[in-house]
Amino acid sequence: MKAMAAVLYAPKKIRLEEIQLPEPGPNDVVLELKKAALCPTDIKKYNADKPDVESALRDIGSYVLGHEAAGVVIQVGSEVTAVKPGDAVAVQPMIACGHCAYCKQGKTNMCLNLLGIGASAGSFTDCVKYYHETGVGGCYATHLKAPESCVIPLPEGLSMEAASLVEPLGDVIHSVDAAGTGKNDTVVIIGMGPMGLMHVPAARYNGAEDIICVDIDDTRLEMAKKLGAKVIINSAKEDPVARVKELTEGLGASKVFVTSGGRAQLPCTQQALKMAAKQGTVSLFASAALDADQLCVSMNFIHYNMLNLTGTVGFGRQHGEKALKMLASGILDHQIIRNREFPLSQIEEAISLYGKGENLKIGLDLTQV
Ligand SMILES: [Zn+2]
Ligand SMILES: [Zn+2]
């Protein structure tokens with residue numbers, strides 16, 4: 001099979017073309033990719049809304065985006081022991097250095113020299129350099145060369161479509177687990193984008209039952225219900241803080257996740273702090289707009305309510321493994337989240353439709369080029 005990739009030459013200039021099948025180094029694997037999914041961070045890079053995208057593509061060379069994918073191992077380097085040709089795997093896109101202080105503690109998502117498959121971590125410029133030095137790029141392609149540490153074997157019978165969600169779901173599981181979410185929690189999730197929606201089954205998978213979802217879009221709130229939310233609140237129609245207090249006999253929620261980013265993050269975080277119970281955790285999952293106003297919070301409010309205000313980013317291998325187990329358990333109907341698919345050859349159309357209408361995560365079929 002010819003190796004093909006959607007190669008990004010400049011902002012908004014992507015071309016599907018034949019590439020050389022990459023050769024694995026001693027600790028690398030080569031995958032024949034099957035399914036992928038688009039991520040908003042890819043769309044941002046495609047549109048060059050980070051300053052170094054245009055210059056890196058111009059000065060260093062072209063790049064292949066994409067970091068949410070699954071496929072089959074077809075070749076392994078001489079030192080690889082964890083997988084063998086024929087194994088079905090999901091891509092864990094973070095490339096950690098293995099020797100910094102955080103890597104030594106096993107916290108690879110906090111690596112000080114982190115890079116990512118498809119520029120999902122580290123600076124775009126560093127990832128483009130790495131691609132031109134090593135051939136390790138992204139997943140909008142039929143084949144991917146990756147370090148052995150970047151693949152996780154699939155549980156028996158898990159579909160490639162479902163497995164292509166391992167990266168976003170791994171992030172969500174990290175968020176839910178870091179907050180210590182469990183059976184006795186009242187959980188509020190603010191923002192019903194794909195990541196917010198996936199917080200619902202992830203909290204349920206940890207045993208939580210009282211799950212309240214907040215958004216301004218009734219269609220999204222209905223999806224949250226389908227995924228297991230007990231109560232939905234449209235914050236354009238009613239005050240979510242008052243409603244959460246009413247539902248919890250005035251106590252508030254023990255775990256509140258803010259998954260709305262951009263400009264919505266500040267007002268949502270302010271609501272989250274007000275609806276948290278004493279000793280509750282407010283966790284910021286999304287990233288705010290770079291020029292967003294900063295959060296201003298009373299120190300006494302945190303002190304007297306003993307609040308934990310925290311955030312998470314990325315995920316560790318254990319979260320990726322748990323994500324695959326969770327997908328295999330069937331608690332998350334992945335088709336509710338990955339609700340559209342295009343062949344790789346139509347990637348530009350897929351990009352143009354991302355986030356529009358009822359599209360949540362848009363998938364790519366990498367076997368159709
Ligand atoms: Zn992603
Ligand atoms: Zn490191």
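This text walks through two zinc sites, a pocket and several salt bridges in a predicted model.

Start with the zinc ion called ligand 2. Four cysteines hold out sulfur atoms to this ion: Cys-97, Cys-100, Cys-103 and Cys-111, each through SG. These donors lie 2.3 to 2.4 Å from the zinc ion. The angles among the four donor atoms run from 101 to 118 degrees, and the site is tetrahedral. A site with four donors earns that label because all its angles lie between 85 and 135 degrees. Along the chain, the donor residues of ligand 2 follow the spacing C-x2-C-x2-C-x7-C. Cys-97 and Cys-111 are 14 residues apart. Cys-97 sits in the loop between β6 (94-95) and α3 (101-104). Cys-111 sits in the loop between α3 and β7 (115-116). Their surroundings can be compared by accessible area. Cys-97 is partly exposed, at 24% relative accessible area. Cys-111 has a value of 7%, so this residue counts as buried.

Now turn to the other zinc ion, ligand 1. Its protein donors are Cys-39 (SG), His-67 (NE2), Glu-68 (OE) and Glu-167 (OE). They lie 2.1 to 2.5 Å from the ion. What geometry do the four donor atoms of ligand 1 give? The site is irregular, with angles of 84 to 163 degrees. The tetrahedral label does not apply, because that label needs all angles to lie between 85 and 135 degrees. The spacing of the donors in sequence is C-x27-H-E-x98-E. Glu-68 and Glu-167 link distant parts of the chain, 99 residues apart. Glu-68 belongs to strand β4 (residues 68-76), and Glu-167 to helix α6 (residues 166-178). Are these two glutamates buried or exposed? Glu-68 is buried, with a relative accessible area of 1%. Glu-167 is buried too, at 10%.

Next comes a pocket. The second largest pocket has a volume of about 230 Å³. Its lining consists of 16 residues. Nearest the centre of this pocket lie Ile-19, Gln-20, Pro-22, Tyr-131 and Gly-135. Strand β8 (residues 143-147) gives the largest share of the lining, three residues. By character, the lining residues are nine nonpolar, five polar and two charged.

Charged side chains are the last stop. Side chains of opposite charge can pair when their charged atoms come close. The structure holds 18 salt bridges. One of them joins Glu-17 to Arg-15, with the closest N and O atoms 3.5 Å apart. Another joins Lys-35 to Glu-341, where the closest N and O atoms are 3.1 Å apart. This second pair links distant parts of the chain, 306 residues apart. Lys-35 is in strand β3 (residues 28-37), while Glu-341 is in strand β16 (residues 340-343). Lys-35 is buried, at 11% relative accessible area. Glu-341 is partly exposed, at 33%.

A further salt bridge connects Asp-87 and Lys-84, at 3.0 Å from N to O. Asp-87 counts as buried, with 17% relative accessibility. Its partner Lys-84 is exposed, at 52%. Elsewhere, salt bridges that share partners form one network. The members of this network are Lys-35, Glu-161, Arg-338, Glu-341 and Asp-365.

How values were computed:
Residues numbered from 1 in each chain as written. Chains lettered and ligands numbered in written order. Predicted model: local features only at pLDDT ≥ 70, side-chain atom pairs only at ≥ 80, totals over all residues. Heavy atoms only, no water. Donors = N, O, S within 2.8 Å, 3.2 Å for Na, K, Ca; no water. Tetrahedral: all angles 85-135°; square planar, octahedral: opposite > 155°, others 65-115°. Helix = DSSP H or I, 4+ residues; strand = E, 2+ residues; numbered from the N terminus. Buried < 20%, exposed > 50% of the residue type's maximum accessible area, 1.4 Å probe, protein only. 1 Å grid on protein atoms, 1.4 Å probe; cavity = no way out; pocket = protein on both sides within 12 Å on 5 of 7 lines; lining within 4 Å. Points joined across faces, edges and corners; volume = space filled by probe spheres on them. Nonpolar A, V, L, I, M, F, W, Y, C, P; charged D, E, K, R; others polar. Salt bridge = Lys/Arg side-chain N within 4 Å of Asp/Glu carboxyl O.
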